[in-house]
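Morning, everyone. I will spend a few minutes on charged and polar side chains in one model. Here it is on the screen.

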Amino acid sequence: GNVCNIKLSFKNMVKDGISQYSSVMFPVAVTNNKRKSRKSEVTYVTVRIAEVKAAETLEEATKLVNKSKYKKAKKILKKSIYSLKKQHRKTPHKKLSKQIDDMQMAYKNVKKAKRNTRYKKHYIKNYKYKMYMKKK
């Protein structure tokens, strides 16, 4: 069978930043059959990847709002919402549902930020915090 070997090198900050290494080997199945691959998919990992991607999109959208590029911000948020909905159909999960709601709210709030300078500042501050929490 196929084996995956993951090697990780890192600085252990608990131990004064010493370089350490770790590796793990585990069996992997390789298939071209989508049904089989979906069956073996780890939902938690799929959901977490979607959350991180959405946080990155939100970060980019927030930067665009800060530069008053509202149309571009809405475009990338809309694309992310579409992607999240597609993923949610494949692997339904309450966290994905919540993420879709959050992204739709961010999309709507871009319009408010465009019309109101005070709200724009609120948007930027609010979504920077949300991105930070999602990436943790």
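One definition before the rest: a helix here is a DSSP run of H or I with at least four residues, and helices are numbered from the N terminus. Please also keep in mind that this is a predicted model.

With that numbering, T91 sits in the loop that joins helix 3 (70-90) to helix 4. Is T91 buried or exposed? T91 is buried, because its relative accessibility is 8% and the cut-off for buried is under 20%. Its side chain has a polar contact with the side chain of Q87, at 2.8 Å.

Now the charged pairs. How many salt bridges are there? The structure has two.

Take K98 and D102 to begin with. Their side chains form a salt bridge, with 2.8 Å from N to O. Both residues belong to helix 4 (residues 94-115), four residues apart, so about one helical turn lies between them. The two ends of this pair fall in separate classes of exposure: K98 is partly exposed at 46% relative accessible area, whereas D102 is buried at 17%.

The other pair is R48 and E51, whose side chains form a salt bridge at 3.2 Å, N to O. Helix 2 (residues 43-66) holds both R48 and E51, and they are three residues apart, again about one turn of the helix. On the acidic side, E51 has a relative accessible area of 8%, so E51 is buried.

To recap: the two salt bridges are R48 with E51 and K98 with D102, and T91 contacts Q87 through side chains. That is what I have.

Definitions and conventions: Residues are numbered from 1 along each chain as its sequence is written. This is a predicted model: local features need pLDDT of at least 70, side-chain atom pairs count only at pLDDT 80 or more; totals for chains, interfaces and linings use all residues. Side-chain values use heavy atoms; hydrogens and water are left out. A salt bridge is a side-chain nitrogen of Lys or Arg within 4 Å of a carboxyl oxygen of Asp or Glu. Helices (H or I, at least four residues) and strands (E, at least two) are DSSP runs, numbered from the N terminus. Buried means under 20% relative accessible area, exposed over 50%, partly exposed in between (1.4 Å probe, protein chains only). A polar contact is a pair of N or O atoms within 3.5 Å; within protein, one must be able to donate a hydrogen and the other to accept it, and residues adjacent in sequence count only if both atoms are side-chain atoms.
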